[in-house]
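Reader: I have a new model open and would like some practice in reading it. Could you take me through a few features, one at a time?

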Amino acid sequence: MDRAESLGTLSITVAWSPRDGVVEEVALEVSPGTTLSDCLDAAGLADRYPQWDPGSPAVGIWGRLRPLDTAVQSGDRVEVYRALQVDPMEARRARQRKQKATACSPRR
């Protein structure tokens, strides 16, 4: 049992990427029974980021989607997911087309 658990609190981390290449992590000490929704409120993302939409976030724990009423456990990493900007398959096709065009172009 770690120090936080002996005090009746749970240590968790809330992670969110507001834009490409940036990940913000907020460490929190919460009480047992705290839900994902409570964690998002406690992390204060809405206060720091105007683009934050608390109405419909996709949220998970360690990479697995979970409903907002899920209770967290000590050591959980709460992750807030944002919508993809580009379809991964389309991005792959574009890279492949570019690669083929480069490979087929005449050398100087």
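Author: Gladly! Start with the hairpin: β1 and β2 form it, with two residues between them. This is a predicted model, and in it Gly21, in the turn, has a positive phi of about 80 degrees.

Reader: How many bridges join β1 to β2, and do the strands run parallel or antiparallel?

Author: Pairing is read from the bridges between two strands. Here residues 10–19 (β1) and residues 22–30 (β2) run antiparallel, joined by eight bridges. For one register point, look at Ser11, which stands opposite Glu29 in β2.

Reader: Ser11 is also among the residues that Asp76 touches. Where is Asp76 found?

Author: Look in the loop between β4 (64–65) and β5 (77–81). Leaving aside residues up to four places away in sequence, Asp76 touches Ser11, Ile12, Thr13, Ile61 and Trp62.

Reader: Is Asp76 buried or exposed? And how do I read its charge?

Author: For a charged side chain, check burial, then look for a partner of opposite charge. Asp76 is buried, yet has no salt bridge. Arg66 is the nearest side chain of opposite charge, 7.9 Å away, whereas a salt bridge needs the atoms within 4 Å.

Reader: Which backbone nitrogen lies 2.8 Å from a polar atom of the Asp76 side chain?

Author: That of Gln73.

Reader: And how do I place all this in the whole chain?

Author: Read the order of elements: α-β-β-α-α-β-β-β-α from the N terminus on, with four helices and five strands. Of the 108 residues in the chain, 30% are buried.

Technical notes. Residues numbered from 1 in each chain as written. Predicted model: local features only at pLDDT ≥ 70, side-chain atom pairs only at ≥ 80, totals over all residues. Heavy atoms only, no water. Buried < 20%, exposed > 50% of the residue type's maximum accessible area, 1.4 Å probe, protein only. Lys, Arg positive; Asp, Glu negative; His and termini not counted. Polar contact = N/O pair within 3.5 Å; in protein donor to acceptor, adjacent residues only side chain to side chain. Contact = heavy atoms within 4.5 Å. Pairing = 2+ DSSP bridges.
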